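Notebook open, viewer open. I want to go through this one chain and jot down what I look up as I go.

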Amino acid sequence: MEGIYNINNKVAKIAKEHEIIIKYVVEFNKKLKARDKEFFKGIVSFFDFLEKDLLSHFRFEEVVIFPASLIGESKYGNVLMVMSLQKEHGTIENQLQVLISEIKGLKDSHEKLSNELINKIKDFFELLKTHAKREMTDLFPMVDANAKSKALLEIYIKEMDNA
């Protein structure tokens, strides 16, 4: 996915929140590679912060970017893409809840993080990265190329800030 994060369009700048995803993926992989026992002892907190940030990020997209995209460009392909991305949000949220539940269960039972659970976490982050890549390479440039969508972004952001 190299180069994906260098997309230089207005929508990507507005949605800098994708840096959240990068931050969590990089942090987890770095700690896994280093076999950082302290990090894994506190992994519940890591996932609590991830959940908060990710749900906020999804809300921003669903309240601002997706509507601006659909209203600005209501072609069939765009509608299908936005619907697919929104469905992925639900899938990612569900998988996150399952992971959090399993991780908290380990903490309560004082068991160690298994390789199976580590692989589930890795799979989750792969899904998240793939989703973010689709938004950044397919959706955001489409929105950025549409003057009506960009104007709506500004309006929706102001409305969201005032709410």
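How close do the axes of helix 4 and helix 7 come, and at what angle do they cross? I get an approach within 8 Å and a crossing at roughly 145 degrees, with helix 7 covering residues 147-162. The handedness of this crossing comes out as right-handed. Note to self: this is a predicted model.

Next I listed who makes that contact. From helix 4 I have Arg-59, Phe-60, Val-63, Val-64, Ile-65, Pro-67, Ala-68, Ser-69, Ile-71 and Gly-72. Helix 7 brings Lys-148, Ser-149, Leu-152, Leu-153, Tyr-156, Ile-157 and Met-160. Sorted by class, I count twelve nonpolar, three polar and two charged residues where helix 4 meets helix 7.

**Whole chain**

I stepped back for the overall layout. The chain has seven helices and zero strands, so to speak α-α-α-α-α-α-α when I read from the N terminus. Of its 163 residues, 40% count as buried. I also checked contacts with a separation of 6 or more: 80% of them join residues 24 or more positions apart. The exposed surface is about 9600 Å², and carbon and sulfur atoms supply 53% of that.

**Helix 5**

I then checked the length of helix 5, residues 76-109. With 34 residues at 1.5 Å each, I expected a span of 50 Å, and the end C-alpha atoms are indeed 50 Å apart, which agrees. Just past the end of helix 5, I found His-110 with a positive phi of about 60 degrees.

Which residues of helix 5 are buried? My list reads Asn-78, Met-81, Val-82, Leu-85, Glu-88, His-89, Ile-92, Leu-96, Leu-99, Ile-100, Ile-103 and Leu-106. For the spacing, I reminded myself that an α-helix has 3.6 residues a turn, so residues three or four places apart point the same way. Looking for what covers the buried residues of helix 5, I found helix 4 (43-72) and helix 6 (115-144) among the cover.

**His-89**

One residue of helix 5 got its own entry: His-89. Why does His-89 count as buried? Its relative accessibility is 0%, and the cut-off for buried is under 20%. I set aside neighbours within four places in sequence and looked at what else touches His-89. The contacts are Phe-58, Glu-61, Glu-62, Phe-66, His-131 and Glu-135.

Conventions: Residues are numbered from 1 along each chain as its sequence is written. This is a predicted model: local features need pLDDT of at least 70, side-chain atom pairs count only at pLDDT 80 or more; totals for chains, interfaces and linings use all residues. Side-chain values use heavy atoms; hydrogens and water are left out. Helices (H or I, at least four residues) and strands (E, at least two) are DSSP runs, numbered from the N terminus. The expected span of a helix is 1.5 Å times one less than its number of residues. Buried means under 20% relative accessible area, exposed over 50%, partly exposed in between (1.4 Å probe, protein chains only). Contact means heavy atoms within 4.5 Å. Axes are lines fitted to C-alpha atoms, for helices over the stretch in contact, and angles run from 0 to 180 degrees between N-to-C directions. A crossing is left-handed if the near helix is turned anticlockwise from the far one by less than a right angle, and right-handed if clockwise. Ala, Val, Leu, Ile, Met, Phe, Trp, Tyr, Cys and Pro count as nonpolar, Asp, Glu, Lys and Arg as charged, and the others, Gly among them, as polar. Accessible areas come from the Shrake-Rupley method with a 1.4 Å probe; for residues, only the protein chains shown count as cover.
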